[in-house]
Amino acid sequence: APSRDEKKRKQFGNRFLTDAARVFQHNAWDNVEWSEEQEAAAQAKVQEQSMQLVPQDQQDAYEINANMYWDDFYKTHENGFFKDRHWLFTEFPELAPNHPQGQIGLHNSKETVKNIKNSSLGSYSDKFCAGDSKDLEHLDTVRKNNSNIIHQLQSDDKMAPQLQEEKDGDFPGSSATYRILEVGCGAGNTVFPILQTNNDPGLFVYCCDFSTTAVDLVLAHPEYDASRCFAFVHDLTKNQTPFPMPDESLDVIVLIFVLSSILPEKMQCVINRLSQLLKPGGIILLRDYGRFDLAQLRFKKGQCLADNFYVKGDGTRVYFFTQDELDFLFSTAGLEKIQNIVDRRLQVNRGKQITMYRVWIQCKYQKPSGDNKSVAGRISSIIN
Ligand SMILES: C[S@@+](CC[C@H](N)C(=O)[O-])C[C@H]1O[C@@H](n2cnc3c(N)ncnc32)[C@H](O)[C@@H]1O
């Protein structure tokens, strides 16, 4: 029987495979059941992968140079990856609560989904060309400016508490009424749709990544508007590095396929620190890889770093979560569950007659607020 969370979930698709003989009649099926044999085969495959772990010295090098591997990734792909965001506002209406498109989750309007798809980002290369030294100089200046602002705030942090309060009123986005931070923003494939879709004049969007190349792609995007957005380089695992906004100032934090690329031992500290940045009633939205996703089962021997944690051929790493693991991370950080669901989808390549079992997890966790719910919290209570 579907769980309470599953029943409450209206946004995800509703094409169910009831007759196995019809599998190749559509491109994808939602909420597919896994048989016991399939689950056991996946478990066996994962056990086999973990028989041979990457040696520790190599593992250390992957950790130390992690941002460089992602730099290389973005030099190769620019924004050509992770682009399919048609689910963004249906799953996370909190990102654009006042906009009709933010209500797709409630009305499921196909037309609006199509509009979002069509308005998805154009090519960065029109604007950003790695060979154009003028553009690079400009980026360098903006990036340095943004980092100076953060360092200025960092020295302010050492001020007496009464001065600290003054500083709290003067940071990028300080006059905004609805603040969203996307961590591990990559090339901006979530940030720009938010800026396009959410026209609330009180909106301010922060985004950060530890890949300088990724942040440069965001800064160089034609729609980057410093009056509505602040992009900065930040390594989430460096807990002492300051953020440009004070604690308890954010309404929403977005983590899309990011936590999975962080060393599992460091994940709890990352979530703890992020939860400090949330206003009471603010929420963290996460979508990430689930245990036994096709991408996990495709890893070969020699790519496993630790249980359910792997390194890809390009040196970037990925973890595959269970719902309980994510619940533990968020609850330990003092957050309360609003949603924690698994999205099991069967994708079908009808031409090649191939079936692909995808597993993603989606979570919404809220900072307790007493009666004083934030806008994001109120929206979440209505829709989830
Ligand atoms: C799979 S990509 C997802 C990018 C983006 N969220 C998206 O969905 O398009 C993972 C991102 O996390 C970033 N990342 C990984 N570890 C990080 C860290 N320790 N601090 C900040 N960003 C990190 C990577 O640079 C990369 O951009």
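**Exercise 1. Cysteines**

How far is the sulfur of Cys 269 from the closest cysteine sulfur, and in which residue is that sulfur found? Use the predicted model to decide whether Cys 269 and Cys 229 take part in disulfides, and state how accessible each residue is.

*Solution.*
1. A disulfide is a covalent bond between the sulfur atoms of two cysteines. The cut-off applied here requires the two sulfur atoms to lie within 2.5 Å.
2. For Cys 269, the closest cysteine sulfur belongs to Cys 208 and is 16 Å away, which is too far for a bond.
3. For Cys 229, the closest cysteine sulfur is that of Cys 207, at 4.5 Å; this distance is also too far for a bond, because the limit is 2.5 Å.
4. The count for the structure agrees with these steps: it holds 0 disulfides.
5. The surroundings of the two residues are then compared. Cys 229 has 0% relative accessibility and is buried, whereas Cys 269 has a relative accessible area of 41% and is partly exposed.

**Exercise 2. The sheet of β7, β8 and β9**

Determine the strand order of this sheet, identify its edges, and describe the helix that packs on it.

*Solution.*
1. The sheet is open and is formed by 3 strands in the order β7-β8-β9, with antiparallel pairing.
2. The edges are β7 (304-306) and β9 (317-319); each has a single partner strand, so one side of each lacks a neighbour in the sheet.
3. From one strand to the next, the twist averages 30°.
4. Strand β8, residues 309-311, is joined to β9 by 3 bridges in the antiparallel sense. Within this pairing, Phe 309 stands opposite Tyr 319 of β9.
5. Helix α3 (residues 56-64) packs on the sheet and touches β7, β8 and β9. The direction of α3 makes about 85° with that of β7.

**Exercise 3. Strand β2 and Pro 172**

Establish how β2 is covered and paired, and then place Pro 172 relative to this region.

*Solution.*
1. Strand β2 spans residues 178-183, and 6 of its 6 residues are buried.
2. Tyr 178, Ile 180 and Glu 182 point one way from β2, while Arg 179, Leu 181 and Val 183 point the other way; all are buried.
3. β2 runs parallel to strand β3 (residues 203-209), to which 6 bridges join it. Ile 180 stands opposite Val 205 in β3.
4. Pro 172 lies in the loop between α9 (161-168) and β2. With a relative accessible area of 16%, Pro 172 is buried, because the limit for that class is under 20%.
5. Pro 172 and Val 205 are 33 residues apart in sequence, and their C-alpha atoms are 9.8 Å apart in space.
6. With neighbours within four places in sequence left aside, Pro 172 is in contact with Ile 149, Leu 153, Phe 204, Tyr 206, Phe 230 and Pro 244.

**Exercise 4. Two helix pairs**

Classify the orientation of α12 against α14 and of α4 against α11, and name the residues that meet in each pair.

*Solution.*
1. The axes of α12 (residues 264-277) and α14 (residues 323-332) come within 8 Å and cross at roughly 45°.
2. These two helices are therefore oblique to each other. α12 passes α14 in a right-handed crossing.
3. On the α12 side, the residues are Met 267, Gln 268, Ile 271 and Asn 272; they meet Phe 328, Leu 329, Phe 330 and Thr 332 in α14.
4. In the second pair, α4 (residues 66-77) and α11 (residues 212-219) have axes 7 Å apart and pack at an angle of about 45°. α4 is thus oblique to α11.
5. Here Asp 71, Tyr 74 and Lys 75 in α4 meet Thr 212, Thr 213, Ala 214 and Leu 217 in α11.

**Exercise 5. Positive phi values**

Locate Glu 248 and Phe 257, give the phi of each, and state their accessibility.

*Solution.*
1. Most residues other than glycine have a negative phi.
2. Glu 248 has a positive phi, near 55°. Its place is in the loop between β4 (229-233) and β5 (250-256).
3. Phe 257 also has a positive phi, near 50°, and is found in the loop between β5 and α12.
4. Glu 248 is partly exposed at 45% relative accessibility. Phe 257 is partly exposed as well, with a relative accessible area of 22%.

Notes: Residues are numbered from 1 along each chain as its sequence is written. This is a predicted model: local features need pLDDT of at least 70, side-chain atom pairs count only at pLDDT 80 or more; totals for chains, interfaces and linings use all residues. Side-chain values use heavy atoms; hydrogens and water are left out. Two strands pair if DSSP finds at least two bridges between them. Helices (H or I, at least four residues) and strands (E, at least two) are DSSP runs, numbered from the N terminus. Axes are lines fitted to C-alpha atoms, for helices over the stretch in contact, and angles run from 0 to 180 degrees between N-to-C directions. Contact means heavy atoms within 4.5 Å. Buried means under 20% relative accessible area, exposed over 50%, partly exposed in between (1.4 Å probe, protein chains only). Angles under 35 degrees count as roughly parallel, over 145 as roughly antiparallel, 65 to 115 as roughly perpendicular and the rest as oblique. A crossing is left-handed if the near helix is turned anticlockwise from the far one by less than a right angle, and right-handed if clockwise.
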